[in-house]
Amino acid sequence: MKILAFVPAYPYSGHPFSGIFNERCVTELNHLTEHIEVLAPRPYFPPILHFIPRWAIYSNIKVFEKRNGIQIHRPPLFQIPKLGNAFVANWGGFIQIRNTANKIHQNNRFDLILSFDLLGTGGMAWRLGRLLGIPAIGWATGSDVRIKKDSPFYSELLKSLRKLDLIFYQSHELRDIVTNLLKKVQHSADVSKHIVLSRGIPLNSMRLFSYEKRQQFRKKHGIRSKNIFVLYVGRIVKSKGVFDLVEAISIAQKQNSKIICKLIGAIPGFDESHVLNKIIRSKPDMENKIELLPPVAPTEVKNWMQAADIYAFPSFNEGMPNSVLEALSNRLPTVAYDIPAIREINHDQLAILTAPLGSPHLFSERLLQICRSKELRQQLINTGIKRVKTDFNISKQMEKVITISKNFLLDKG
């Protein structure tokens, strides 16, 4: 089977961790397919904006490169600043990238297109499928289906839902959102077309630090042996709950002065880290207790997780939080807001300790509960590892993608 992976984000030199989970899926699929290539359009605007750091970085993205032996094509995609993808999520985007996609297809004769999104690349994917005469599959990840009726994206989402040949969903919640949306527009959902399938995470690196290596890593980064180190990894934006986390740490620290927190993922110019840093500096009692750090490589994320004592994930909504799954696989007790995706990981067990959404005070209490109880920590660790191994192994999930896709192609004739 030959697959053209169509992604809204993929790592590049100026932003090496952008779309890192997309790359992981593609890398895994590369082991399971005859051939796979990546189409990852790059934002483009004339040089007049290149004095702005973000657009200067975009301007230096290579049109073509190989990463880990996989060919990555990045055709320019004109975007109007501040309007984001409003223009390119439909016909406009398709017109701009169709020639590149057609050329790639003529050289390889792909069997299908797999879009890691339903809206931006998803809207272009089904159009490309029609142009190239091959099926287009979409994968709902979260924000791509949480679209309000008055949004300029709404009609495009409906088109993608109707015209994509198959759709995978990171969680049952996302599929339910789509089912309810289609009911509102009097369009029934074909059950066989809408499939819940989490992407999962790699499980080939679950070996723990030695005690000595853990202590060395903590010392290197200014974490004392007596500190209770709370870690967050992800985007520094309001919707991820990072402002709530800073407040929760501030509250918890008053009861347990050993607690410190580091948030990894700050990219000034691309997020709200500047604002969050201001808030942290406005709290004199939090000096040296909370720190924002830039993104790190996936292998380094593992080191940070194994050096931490608690993982904090206060996101307001998620498709399926891969960083939480990674924390569980690294035996890290985790606290999160009680959102559907977290409940799906917990299922009928206690893998993650939860607090009501939007309550930093109760989030801080959950952190303190873990600090106080060795038995609770061990329960969370044991259940978390079991859940990840059973239902979130990326190798098994990508094998399912191939099996489902092959069966679909056979049925299609």
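Biologist: Leaving aside neighbours within four places in sequence, with which residues is phenylalanine 363 in contact?

Modeller: This is a predicted model, in which local features need pLDDT of at least 70, side-chain atom pairs count only at pLDDT 80 or more, and totals for chains, interfaces and linings use all residues. Residues are numbered from 1 along each chain as its sequence is written, and side-chain values use heavy atoms, with hydrogens and water left out. Contact means heavy atoms within 4.5 Å. On that basis, the partners of phenylalanine 363 are Leu245, Ala248, Ala312, Phe313, Pro314, Val335, Ala336, Tyr337 and Ala355.

Biologist: Which helix gives the most to the largest nonpolar core?

Modeller: A nonpolar core is a set of buried (under 20% relative accessible area, 1.4 Å probe, protein chains only; exposed is over 50%, partly exposed in between) Ala, Val, Leu, Ile, Met, Phe, Trp, Tyr and Cys residues joined through side-chain atoms within 4.5 Å. The largest has 65 residues, of which Leu231, Ile249, Leu263, Leu276, Tyr311 and Phe363 touch the most other members. With seven residues, the main contributor to this core is helix α8 (residues 242-255).

Biologist: Is tryptophan 304 buried or exposed?

Modeller: The relative accessibility of tryptophan 304 is 4%, so this residue counts as buried. Phenylalanine 217, at 10%, therefore likewise falls in the class called buried.

Biologist: Over the ring of which residue does the charged end of arginine 199 sit?

Modeller: A charge sits over a ring if NZ of Lys or CZ of Arg is within 6 Å of the ring centre and within 35 degrees of the ring normal. The charged end of arginine 199 lies 5.7 Å from the centre of the ring in question, that of tryptophan 139.

Key: Helices (H or I, at least four residues) and strands (E, at least two) are DSSP runs, numbered from the N terminus.
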